[in-house]
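User: Please take a close look at the ligand site in this model. Then go on to the core, the last helix described and the cysteines.

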Amino acid sequence: MIKYLGSKRALVGVLGDLADAAGARTAVDLFTGTTRVAQEFCRRGIEPTAVDLASYSLIFGQCYVETDAAAVDPAEVADALVRLAALAPRPGYVTRVFCEQARYFHPENGARIDAVRDGIDRLYGDSPLRPLLLTALLEAADRVDATVGVQMAYLKAYPPRALRPLELRAPVLTPGSGRAVQADARAYVRSMAPVDFAYLDPPYNQHRYFTNYHVWETLVRWDAPAHYGIACKRVDARDDDTRSAFNSRRTIHEALAETIAAVPARVVVASFNDEGYVGVDELVGMGAARGQDVRVLAFDSRRYIGSLIGIHSPAGVKVGVPGRRRNTEYLVLAGRADTLDALVAAVGSGHLHSEAALSR
Ligand SMILES: C[S@@+](CC[C@H](N)C(=O)[O-])C[C@H]1O[C@@H](n2cnc3c(N)ncnc32)[C@H](O)[C@@H]1O
């Protein structure tokens, strides 16, 4: 899976345990990103819908959530990847913009990414394998990139991984068939069918995924956009319709409150950490406004690596001190009291956040 800010790798098992303890058969993962939480639901026999604004997230969802591993012939995927990997390198948009003007990849890999991306639409444009092949390409490109995990800047010198040749690997698919939806979460919850379990993992602050991961957005859309700045961001990043209410200090409170209030689920679990715009107490209030009981679980976690090393200017001069290494991730649970007791028991009452062991 790609490097992704706010990815819930460390909490995936906990979220699966919570969904199991809730007896969930259906779920929605409302800000699904890499889809890793929705994938965990699939592995546990729960049918998830994975929702996100990003185009690359839709592709991951079509690959990992909609595609049933049992329905795919691994040999067919392997053949397709061999065929794509054998295409002659052909410098195009990625090479020109992301390797020569910016430096996200080594140009030799850039020319291969260009060739493979063109090949996917030319050879597999109508194939059910298309999302699997696109996912394989995004993940391969991520393994040879020259960033610290966001595409707002690149490293001064290529790290060793960027000098390795691009290698396409088959995505490890999950069983079952959920759904992937590209939508605004706040709008989506108003018309979705009821589910047993809802997980919400909104952005925490002003850092927009549309700009942080513009290279993946462009690789999926393949629309060769005009771009600006050293990072070569898409010009449509300036448009209002690429903004999310969840990235603004002014609008996130109302957007989140509305989304939590409206999501039709027996149990709602929302993630937040102690560095975001919304405080835990406020989130507890949003859960209680559903007319349900609320509990808060706390987990100590390692911070995103960029916060530790992003302390040098482009000239290599030290301009700051590393940020703190750890933070607290909270899970705010809303549901019936007896269900919530079962959820807390499933992950261990040691995670119950003492100040907020609340009831209505
Ligand atoms: C913290 S990340 C989620 C990470 C995800 N749980 C994972 O483990 O990969 C937040 C996600 O919210 C998405 N997002 C931002 N605004 C959104 C909106 N209005 N509706 C739906 N998704 C949105 C971003 O594209 C990003 O993928």
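Analyst: A word on classes comes first. Ala, Val, Leu, Ile, Met, Phe, Trp, Tyr, Cys and Pro count as nonpolar. Asp, Glu, Lys and Arg count as charged, and the others, Gly among them, as polar. The model is predicted.

Now the ligand site. By these classes, the shell around the ligand has 10 nonpolar residues, six polar ones and five charged ones. That shell holds 21 residues, of which Tyr4, Thr34, Asp52, Asp184 and Asp201 come nearest.

Two of these nearest residues offer polar side-chain atoms. The side chain of Thr34 has an N or O atom 2.6 Å from an oxygen atom of the ligand. Asp184 places a polar side-chain atom 2.6 Å from a nitrogen atom of the ligand. The backbone takes part as well: a polar backbone atom of Ala185 is 2.9 Å from a nitrogen atom of the ligand. How much of the ligand's accessible area does the protein cover? On its own, the ligand has 600 Å² of accessible area, and the protein covers 98% of that.

Next, the nonpolar core. The largest one has 51 residues. Tyr56, Phe98, Phe105, Ile113, Leu133, Leu137 and Trp216 touch the most other members. Several helices each supply at least two residues of this core. They are H2 (36-43), H3 (55-66), H4 (74-85), H5 (93-101), H6 (107-124), H7 (130-143) and H10 (214-221). H7 gives the largest share, eight residues.

Helix H10 deserves a closer look. His214 is placed in this helix. Is His214 buried or exposed? His214 counts as buried, because its relative accessibility is 1% and the cut-off for buried is under 20%. Its C-alpha is 8.5 Å from that of Met152, although 62 residues separate the two in sequence.

Glu217 also has its place in H10. Its relative accessible area is 1%, so Glu217 is buried too. What does the side chain of Glu217 contact? It makes a polar contact with the side chain of Ser55, at 2.4 Å.

Follow the chain out of the helix. Trp222 lies in the loop between H10 and strand S5 (227-228). Trp222 is not a glycine, yet its phi is positive, about 55°. Trp222 is partly exposed, with 23% relative accessibility. Ala224 is found in the loop between H10 and S5. Its phi is near 45°, again a positive value in a residue other than glycine. Ala224 is partly exposed, with a relative accessible area of 48%.

Last, the cysteines. How many disulfides does the structure hold? It holds zero. A disulfide needs two cysteine sulfur atoms within 2.5 Å. Why is Cys42 not bonded to Cys63? The sulfur of Cys63 is the closest cysteine sulfur to that of Cys42, but it is 11 Å away, so it is too far for a bond. Cys99 is in no disulfide either: its nearest cysteine sulfur, in Cys232, is 10 Å away. Cys42 is buried, with a relative accessible area of 5%. Cys99 is buried, with a relative accessible area of 5%.

Notes
Residues are numbered from 1 along each chain as its sequence is written. This is a predicted model: local features need pLDDT of at least 70, side-chain atom pairs count only at pLDDT 80 or more; totals for chains, interfaces and linings use all residues. Side-chain values use heavy atoms; hydrogens and water are left out. Buried means under 20% relative accessible area, exposed over 50%, partly exposed in between (1.4 Å probe, protein chains only). A residue is near a molecule or strand if one of its heavy atoms lies within 4 Å of it. A polar contact is a pair of N or O atoms within 3.5 Å; within protein, one must be able to donate a hydrogen and the other to accept it, and residues adjacent in sequence count only if both atoms are side-chain atoms. Accessible areas come from the Shrake-Rupley method with a 1.4 Å probe; for residues, only the protein chains shown count as cover. A nonpolar core is a set of buried Ala, Val, Leu, Ile, Met, Phe, Trp, Tyr and Cys residues joined through side-chain atoms within 4.5 Å. Helices (H or I, at least four residues) and strands (E, at least two) are DSSP runs, numbered from the N terminus.
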